[in-house]
Amino acid sequence: GEVRPVKVLGDLELIDQGELDHKILVIDAADPLAARLNSASDLETVLPGVLPKLVEWLKMYKTTDGKAVNALSSDTPTSAAKAN
C-alpha cells in the first residue's frame, strides 16, 4: 500500500454488529475531479448516482458472507467538517 493525500468529502455511519463504524468518504487529491468535489453532496452533481450506489454497497457487502444487511445511521453523509 501507499499513503496518498486525499480530500475528505464526508462520513457515513455504519452500524456493524451493534457498533458504530465510520466510513470516511474521500477523493484522491490528485484526481482530476477533486477540484469539483468539496462535499459528499457534490457527488450527486458531479457523479450522479454514485452516492446511492455507495450506500447500497455498504449495506450489502457482508451479505455474501452470510451476514445480515448492515444498517446506516443515515443514508445521508455528514459534512466533511464533521468527518475531519
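User: Before we start on this one, what does "touches" mean when you say K7 touches another residue?

Analyst: Contact means heavy atoms within 4.5 Å. Keep in mind that we're reading a predicted model here. With that cut-off, and not counting residues up to four places away in sequence, K7 touches L25, V26, I27, A29, A34, A35, L37 and N38.

User: Where is K7 found?

Analyst: K7 sits in strand β1.

User: And how do I read its burial: is K7 buried, partly exposed or exposed?

Analyst: Buried means under 20% relative accessible area and exposed means over 50%, with partly exposed in between. K7 comes out at 26%, so it counts as partly exposed. Its side chain reaches the backbone oxygen of A34 at 2.6 Å.

User: Let's zoom out. What pattern does the protein chain follow along the sequence?

Analyst: Reading along, you get β-β-α-α-β-α. That's 3 helices and 3 strands. The C-alpha atoms fill a box of roughly 40 × 30 × 25 Å along the principal axes, and buried residues make up 29% of the 84 residues. Take the contacts between residues at least 6 apart in sequence: 49% of them join residues at least 24 apart.

User: How should I read the sheet? What's the order of its strands?

Analyst: With a sheet, ask about strand order, then direction, then edges. Here the sheet is open, has 3 strands in the order β2-β1-β3, and the pairing is antiparallel. β2 and β3 (71–72) stand at the edges with a single partner strand each, so one side of each has no neighbour in the sheet.

User: What packs on the sheet?

Analyst: That's α2, which touches β1, β2 and β3, and its direction makes about 40° with that of β1.

User: How many bridges hold each strand pair together?

Analyst: β1 and β2 are joined by 10 bridges, while β1 and β3 are joined by 2. For the residue-level view of the β1 and β3 pairing, I15 has A71 as its bridge partner in β3, and L14 stands opposite L72. On the β2 side, D16 stands opposite E19.

User: What about the turn: which residue takes a positive phi in the hairpin of β1 and β2?

Analyst: Q17, with a phi near 50°. That hairpin has 2 residues between the strands.

User: Now the interior. Which residues touch the most other members of the largest nonpolar core?

Analyst: A good way in is to look for the best-connected members, then ask which elements they come from. The core has 14 residues, and L9, L25 and L37 touch the most other members. β1 (6–16), β2 (19–28), α1 (42–46) and α2 (50–60) each supply at least two of its residues. For L9, leave aside the neighbours within four places in sequence, and its contacts include L25, I27, L37, L43, T78 and A80.

User: How do I describe a pair of aromatic rings?

Analyst: You use the distance of the centres and the angle of the planes. A search of the whole structure finds 1 aromatic pair. The rings of W57 and Y61 have centres 4.7 Å apart and planes at 15°, so this pair is stacked. As for accessibility, Y61 is partly exposed, at 24% relative accessible area.

User: And a charged residue in a loop, say K62: is it buried or exposed?

Analyst: Check the number rather than guess from the residue type. K62 lies in the loop between α2 and β3, and with a relative accessible area of 14% it is buried. Beyond four places in sequence, K62 touches D16, K67 and N70.

User: Where is D31 found, and which residue's backbone nitrogen lies 2.7 Å from its side chain?

Analyst: D31 is in the loop between β2 and α1. A polar atom of its side chain lies 2.7 Å from the backbone nitrogen of L33. At 31% relative accessibility, D31 is partly exposed.

User: How do sequence separation and distance in space compare for D31 and K7?

Analyst: Read both figures side by side. D31 and K7 are 24 residues apart in sequence and 9.8 Å apart in space, C-alpha to C-alpha. For another pair, K7 and L47 are 40 residues apart in sequence, with 16 Å between their C-alpha atoms.

Definitions and conventions:
Residues numbered from 1 in each chain as written. Predicted model: local features only at pLDDT ≥ 70, side-chain atom pairs only at ≥ 80, totals over all residues. Heavy atoms only, no water. Phe/Tyr/Trp six-rings, centres within 6.5 Å; stacked < 30°, edge-to-face > 60°. Buried < 20%, exposed > 50% of the residue type's maximum accessible area, 1.4 Å probe, protein only. Core = buried A, V, L, I, M, F, W, Y, C linked by side-chain atoms within 4.5 Å. Helix = DSSP H or I, 4+ residues; strand = E, 2+ residues; numbered from the N terminus. Pairing = 2+ DSSP bridges. Axes fitted to C-alpha atoms, helices over the stretch in contact; angles between N-to-C directions. Polar contact = N/O pair within 3.5 Å; in protein donor to acceptor, adjacent residues only side chain to side chain.
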